[in-house]
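User: I'm new to this structure and would love a close look at one part of it. Could you pick a helix, walk me through its surroundings, and then show me the wider setting?

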Amino acid sequence: MPHRGRHPGLLAVIGLIGAAGLSACSTSAAGDDDGGRPLVGVAMPTTASERWIADGENVQTQLEALAYRVDLRYAEDDVPTQIDQLEEMIAEGADALVIGSIDGVALKGVLAEAAAADIPVIAYDRLIRESGDVDYYASFDNARVGVQQATTLLQGLGLLDAAGEPTGATGPFTIELFAGSADDNNATVFYDGAMQVLQPYLDAGTLVVGSGQTAFDQIATERWDPEVAATRMAELMPRYTGDTRLDGVLSPYDGISIAVLEAATAAGYGSADRPLPVVTGQDAELASAKSVAAGEQYATIFKDTRQLAEVAVQMVHDLIRGVQPEVNDTTSYDNGVTVVPAYLLAPQVVTEENLTAVLVDGGTYTAQELS
């Protein structure tokens, strides 16, 4: 099906449907006090990241606008806690589960419990692996995110122009690579997408990874933790002194980007004769949006969680009504057991040049928040 950025049908439904209409299609044993309204369990990984807070709030708000009951839980990056939360949602009689997983391979058992209870499961943003009990996947085009991150790194270094065309610059430019958490399927997809773009430049010697660390397992950041990234960056920085300069860093996530920039600043970068390295990012978190506006972090990738919530909520609404959800990818996401049908949204590059148009005019932040 053709891609579209929003779900206008869902927005229309939100304005029209009432609790009475939903009670007739409930599949749970809800009590009279809730009018038989369907219950949706929403399991999110952590409140340590702004984007996951926004995800949970957006999904909950949109589901409640459709008169669903919502059980929203955060597991604070603890896998056993998330499993316990999901088991409790199943025991409560949830009619559907929306799961932003912590560990992409740790939920096989609890998802089997959901399947036994005929509860559909939607993997939210992070693909759940090694389970045949994942019904749908709502996410962004994560391979494209990796391509965009690598492309912005090359643009910031001056190897590509604004249109993505080669400038003729030959370098060599010295860079370092960071990746996300090994237990998150998205992290490897981002990495693969980025390396598809960067590898020819590495092979040609136009880009040089000073540490020599290019394999995913060498550069992965456990739990996407900025403190882990800060420690690794501090260990890398002593090699970049004197005439040896660090020109750029591929960062997959804004929290890591800020940690990288702080470590570079602590090592003496950020002056006219030793400018900050070109640093990429993802999620357009407020600290990074302000950093991009200030000309520090070079770019971030904006993934509008309002749109992602619309996709997931529409899937829930369709499944509970017995309607087949819309998808636009039925081949890319093999989780090791089955190919999970997916609806993928388009990510957007944000730099200093278009930050106001995308993030302020689009309603994500106010101009005052970014000042």
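Analyst: Happy to! In this predicted model, let's begin with helix 10, whose buried residues pack against helix 9 (226-236), strand 8, strand 9, helix 11 (286-293) and strand 10 (299-302). The buried residues are Asp-254, Gly-255, Ile-256, Ser-257, Ala-259, Val-260, Leu-261, Ala-263 and Ala-264. Helix 10 itself covers residues 254-266, 13 residues in total, and its first and last C-alpha atoms are 18 Å apart, close to the 18 Å expected at 1.5 Å a residue. Just after the helix comes Gly-268, with a positive phi of about 100 degrees.

Now look at two of those neighbours, strand 8 and strand 9. Strand 8 (residues 248-250) runs parallel to strand 9, and 2 bridges join them. Within this pairing, Val-249 has Val-279 of strand 9 as its bridge partner. Both strands belong to an open sheet of 4 strands, ordered 7-6-8-9 with parallel pairing. Its edges are strand 7 (207-209) and strand 9 (278-279), each pairing on one side only. Another helix meets this sheet too: helix 7 (residues 185-204) lies across strand 6 (173-177), strand 7 and strand 8, at about 105 degrees to strand 7.

Stepping back, the domain assignment gives domain 1 (39-134 + 304-345) and domain 2 (142-302). The centres of the two domains, taken over C-alpha atoms, are 31 Å apart. Where they meet, 15 residues of domain 1 contact 13 residues of domain 2. About 1200 Å² is buried between the domains, with carbon and sulfur atoms giving 39% of that area. On the domain 1 side, Glu-50, Arg-126 and Tyr-333 supply 34% of the area it buries against domain 2, more than any other three residues.

How values were computed. Residues numbered from 1 in each chain as written. Predicted model: local features only at pLDDT ≥ 70, side-chain atom pairs only at ≥ 80, totals over all residues. Heavy atoms only, no water. Pairing = 2+ DSSP bridges. Helix = DSSP H or I, 4+ residues; strand = E, 2+ residues; numbered from the N terminus. Contact = heavy atoms within 4.5 Å. Axes fitted to C-alpha atoms, helices over the stretch in contact; angles between N-to-C directions. Expected span 1.5 Å × (residues − 1). Buried < 20%, exposed > 50% of the residue type's maximum accessible area, 1.4 Å probe, protein only. Domains from an automatic or database assignment. Buried area = accessible area lost by both parts, 1.4 Å probe.
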